[in-house]
Amino acid sequence: MLQHLFKLIWNKKGTHSLLIIEILASFLVLFGVLSLIVFNVRNFLQPIGFEYEQVWNLDLASNQDTVDVSRKLTNVMQRIRSYKEVETASRMSSNAPFSANQVSSSITYNKVSVGADFYATDQDFNKVLDLPLLKGRWYREGDRVAKFIPIVINKKTEEKLFLNETSLNKIIKVDDKRSYKVVGVVESFKAKGEFMSDSPALFEMIAKDDSWNSNVLIKTKRGTDANFEAQLVKDMAVMLPGWGIEVSYLKESRHNRHNLTLVPVIIFLIVSAFLLTNVALGLFGILNLNISRRKNEIGLRRAMGATEGKVIIQFLGEIWVIATFSLIIGLLFAIQFPLMNVFDLDSEIYITSIFASIAVIYMIVTLCAWLPSKQASRIHPALALHEE
Amino acid sequence: MIKLENVEKVYRTSAIETLALNNININVRKGEFVSIMGPSGCGKSTLLNIMGLLDTPSKGHIEIDGSKVEKYTDKSLAHLRNQKLGFIFQSFHLINDLSVIDNVEIPLLYRTSSSKDRRELAQEALEKVGLSNRMKHFPKQLSGGQKQRVAIARAIVGKPEIILADEPTGNLDSAMGNEILSILQQLNEGGATIVMVTHDDAMAKRTHRLIRLFDGTQVF
């Protein structure tokens, strides 16, 4: 029967070409949307790597002030750490968790180069964000006198840069200029939130006289409220006249960050759902018309021994065959993504999306063909054969 | 082989009721070649559809090869049609998108047989009707007579005991019509029971027995 169906559709390929193209287009759109969804879901299921619930980000902008900035920032840190509401605080670069900023560089070890996100932080950063260390230790004040600048890397960097070697105490080069020594390895650090993929990252110790990195992450004690925020801003304004002072909660920043990821996905999803609905309605109409044109054939098949069930299978089978032709063409395109490692995504994402798209396409065509096929099976054979 | 007892067929709509067949009693014996004649609209095709289990009577009983079919399910009726009956239609009812041999194979699709067996049986049937050289052709490439021969091959491919032909020569010229009737006679001589609806007296005379219908009633 399957061979018969393929033959029937193949002989009518000209008539079915538009239908095949329509299903092919749906498959490709679905594949794109599902790849995006699978990518984000997979990322979401991986741990973010740090705690953010009680952490505030104090963004200080020196504006026109260029006088003794480094000393002023050191004083600010001392003041912040002295509050009873503060558990611990850390200075860091402008690419604070959930911010839109990103700093990237190329790191090299043994002729292997990897692009990584750079975070300039101090010795308390891991305490503020409860960043667990897998190997080694976090850098400390004493490391400043060492020959090489200490850095902490994440597991992803270790995997990509050191392959099967251990990374601790290895010297790596950044942008082929500065040399750093790996002192510790953390599990993961998804600074842009759960939807970010776990990509290579490294944490560099801020220089003692640094005047650029003026973000402060403050881990507050439980129950700390807006009164402290007001107090903090007021004190900072006194200490840093003319500076921009802005406090944000990482919890809220994370929420905003998620929206930035989810909104485009939802828009794509709505557009493709609309497209698929149109395709489904079109398919339903074409199948209905097709069946009314083939009443003689239905009557003939019933006369030759087809049961109602076999007539349903016949029409469902035909649309499955048409969908299969479309999917074979679609697969030729879709399979290039994992093979050519497009967008540097894990091939598993593409493979999952391909299978999911195939399942959705077969589901849609089955739903569209079910009712017309059922109607076809109910056509009275004597009447169908009588119609010219 | 086919027995109809007190068969009545009424078509009902909300407005009218039409009596298509009234008190029909027919017994077609095994190996008989029976023709049914009558004016247009007298119920010939309705009678043939009822004999072919494509339609159900409003009243009366039908027996096919000794089995009463009134309580048969759709599946059982389909099975019976597939195994015991072969149909030939005036307008051939060939599927234009399938080649001649694929058209002939259709009844075998509803049996459990391998594609090789199907192909062999279809080739055999086409040889019987003299069309073995047209197997790969499509219906649009054939003449009316050739189309009807394909339809006959399709009707006999499953080796049914009964062949029901609804005006098989109606769309053909007399030469072609004679050729088709000769094929049917050969099949009958080979053991097939044939019931043929026709308008042509000359054709009917070449059958064993004639059943006449008038306004849905059997005329003796």
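**Exercise 1. Determine which domains are assigned to chain A and which residues of chain A each one covers.**

Solution. In this predicted model, local features require pLDDT of at least 70 and side-chain atom pairs count only at pLDDT 80 or more, whereas totals for chains, interfaces and linings use all residues. Residues are numbered from 1 along each chain as its sequence is written, and chains are lettered from A and ligands numbered from 1 in the order in which they are written.

Step 1. Domain 1 of chain A comprises 2-45 + 260-386, and domain 2 of chain A comprises 63-242; such bounds come from an automatic or database domain assignment.

Step 2. Taken over C-alpha atoms, the centres of domain 1 and domain 2 of chain A are separated by 51 Å.

Step 3. Four residues from domain 1 of chain A and four residues from domain 2 of chain A form the contact (C-beta atoms, placed from the backbone, within 7 Å).

Step 4. On the domain 1 side, helix 2 (residues 13-45) of chain A gives the most, with three residues (helices are DSSP runs of H or I, at least four residues; strands are runs of E, at least two; both are numbered from the N terminus).

**Exercise 2. Characterise the side of chain B that touches chain A.**

Solution. Step 1. The contact joins 23 residues of chain B to 22 residues of chain A.

Step 2. Helix 2 (74-84), strand 6 (85-89) and helix 3 (100-109) of chain B each supply at least two residues to this side.

Step 3. Helix 2 of chain B gives the most, with six residues.

Notes. Two residues are in contact if their C-beta atoms, placed from the backbone, lie within 7 Å.
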